[in-house]
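Biologist: Could you zoom in on the ligand site for me? I'd also like to hear about any unusual backbone geometry you run into on the way.

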Amino acid sequence: MDTKSSIIDRPMNETETDGGFDAARIDAESIEELERIGSDKWTRHPGCIGAFIAEMDYGLAPCVAKAIEQATERGALGYIPDPWKKEVARSCAAWQLRYDWNVNPAVIRPVPDVLEAFEVFLREIVRADNSIIVPTPAYMPFLSVPRLYGVDVIEIPMLRDDASGEWLFDFDAIERAFAAGCHAFTLCNPHNPIGKVLTRDEMLRISDLAEKYDVRIFSDEIHAPFVYQGYTHVPFASIDERTARQAFTSTSASKSFNIPGTKCAQVILTNPDDLDLWMRNAEWSEHQTATIGAIATTAAYDGGSAWFDGVLKYIERNIALVNDEMRTRFTRVGYIPPQGTYIAWLDFSPLGIDDPAAYFLEKAGVALTDGRECGECGAGCVRMNFAMPYPLLRECFDRMYEALRADGLCSESFSIANV
Ligand SMILES: Cc1ncc(COP(=O)(O)O)c(C=O)c1O
């Protein structure tokens, strides 16, 4: 695109190399300051530590903040114009090269958020009176949204293999559901809320079944950048021609750059029929994408890499703390360390706590997601977002531990024995 004659101004600091991620400033952030900033995470339960909704407390990448500021200054807040749609597609395709995926920008379209993409998938491809498999525990709307479109949800719990410390797919149950007539599958990679990073082999096995039973796959890759050392994100559609045909992929910079309120996700339509269908029937969804989101997203994908690397490093420090706490003070809690995302799945049922989300909100002032919202298998569990300042994460575990200790659910003996 010729930027000189276009409506698009580049952010001034797109060439910055340090990314401007300031860990020391984040470490110093207080609960009061986070409440003052005013996110849902920190205002829904005043005075409590917000660890439920999937937002990070790390502010904006300077390149994103600058792009938004410049757009506001020049009043670029109208309906999304075609040049910005193209910029989103170009920058998203360039970002996918991180995962060795050389995808054609022509198949990438903007959409306000990943759930809107999911809704188009349900409405246009799955269609009413059919069903979709959702491996559980799942991102909550995967369970509630299909029903709005007359689509039944088939929950298939992931298998917790404590010996290997891995979450595994129940391929037998998945095949049984396909054989019984289900033609749609929800893939979430990395998987919110268990943090599993899918292997190529697992995805190929799902693809084999999809081929056998004529199944389409919604591949939610919003957490793709959050993959820890030792793991690799493989976009499902990038594996081969067959997965490209089966996939209906959606992603976004919203998680990695903490801009979900700017409303600009992307669909990557590697099945040519989907692209035709999208252009015919999803124009209205596309039109609802926010121009400010397109501007923020493009700045993030183009210039935010170094800032994001700082985020990931910070999050890896946090996950080390979560792992440590589970190994020392919370030994009876069911837990498999996540391989990606910034979310942990904690099973308090061995302690006999029926509703740990309500328990910790009341007794510890920590707001977590009730595991039952993530599927029937989530009773006794919570989803914890640990992308907060490190000192607050420490405080969070201290508060939770004290609550358990006060109730005699966390005896000194087992905690000391395991330190
Ligand atoms: C797995 C997953 N998909 C989709 C979303 C929705 O993100 P957005 O609204 O930014 O598209 C989230 C948000 O938490 C998520 O965790």
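Modeller: D214 is in the loop between α9 and β8 (216-220). This is a predicted model, and in it D214 has a phi near 60°, a positive value in a residue other than glycine. Follow the chain on through β8, which spans 216-220, and you get to D220, one of the residues around the ligand. I222 and H223 belong to that surrounding set as well. H223 does something specific there: one of its polar side-chain atoms lies 2.8 Å from an oxygen atom of the ligand.

Now go back along the chain to the loop between β7 (184-188) and α9 (200-213), where you'll find P193. The peptide bond from N192 to P193 is cis, with omega near 15°. N192 is worth a pause, as an N or O atom in its side chain is 2.7 Å from an oxygen atom of the ligand. C188 is another of the ligand's neighbours, and β7 runs over 184-188.

There's a second cis bond further back, from T136 to P137, with omega near 0°. P137 is placed in the loop between β3 (131-136) and α7 (141-148). Y139 is also part of the ligand's surroundings.

To fill in the rest of the shell, add A54, D113, V114, S254, K255 and P260. V114 makes its contact through the backbone: a polar backbone atom is 2.8 Å from an oxygen atom of the ligand. With all of this around it, the ligand has 92% of its 400 Å² of accessible area covered by the protein, the 400 Å² being what it has on its own. By class, the shell comes to 6 nonpolar, 3 polar and 3 charged residues, and the ligand sits in the largest pocket.

As for the wider setting, an unreviewed UniProt entry annotates residues 55-391 as "domain: Aminotransferase class I/classII large". That span is 42% helix and 17% strand, and its end C-alpha atoms lie 17 Å apart.

Definitions and conventions. Residues are numbered from 1 along each chain as its sequence is written. This is a predicted model: local features need pLDDT of at least 70, side-chain atom pairs count only at pLDDT 80 or more; totals for chains, interfaces and linings use all residues. Side-chain values use heavy atoms; hydrogens and water are left out. A residue is near a molecule or strand if one of its heavy atoms lies within 4 Å of it. A polar contact is a pair of N or O atoms within 3.5 Å; within protein, one must be able to donate a hydrogen and the other to accept it, and residues adjacent in sequence count only if both atoms are side-chain atoms. Accessible areas come from the Shrake-Rupley method with a 1.4 Å probe; for residues, only the protein chains shown count as cover. On a 1 Å grid over the protein atoms alone, a cavity is a set of points where a 1.4 Å probe fits but cannot get out, and a pocket is an open set with protein on both sides within 12 Å along at least five of seven lines; lining residues have an atom within 4 Å of a point. A molecule sits in a cavity or pocket if more than half of its atoms lie within 2 Å of its grid points. Ala, Val, Leu, Ile, Met, Phe, Trp, Tyr, Cys and Pro count as nonpolar, Asp, Glu, Lys and Arg as charged, and the others, Gly among them, as polar. UniProt positions are given in the numbering used here, feature names are shortened, and annotations may be inferred rather than shown by experiment. Helices (H or I, at least four residues) and strands (E, at least two) are DSSP runs, numbered from the N terminus.
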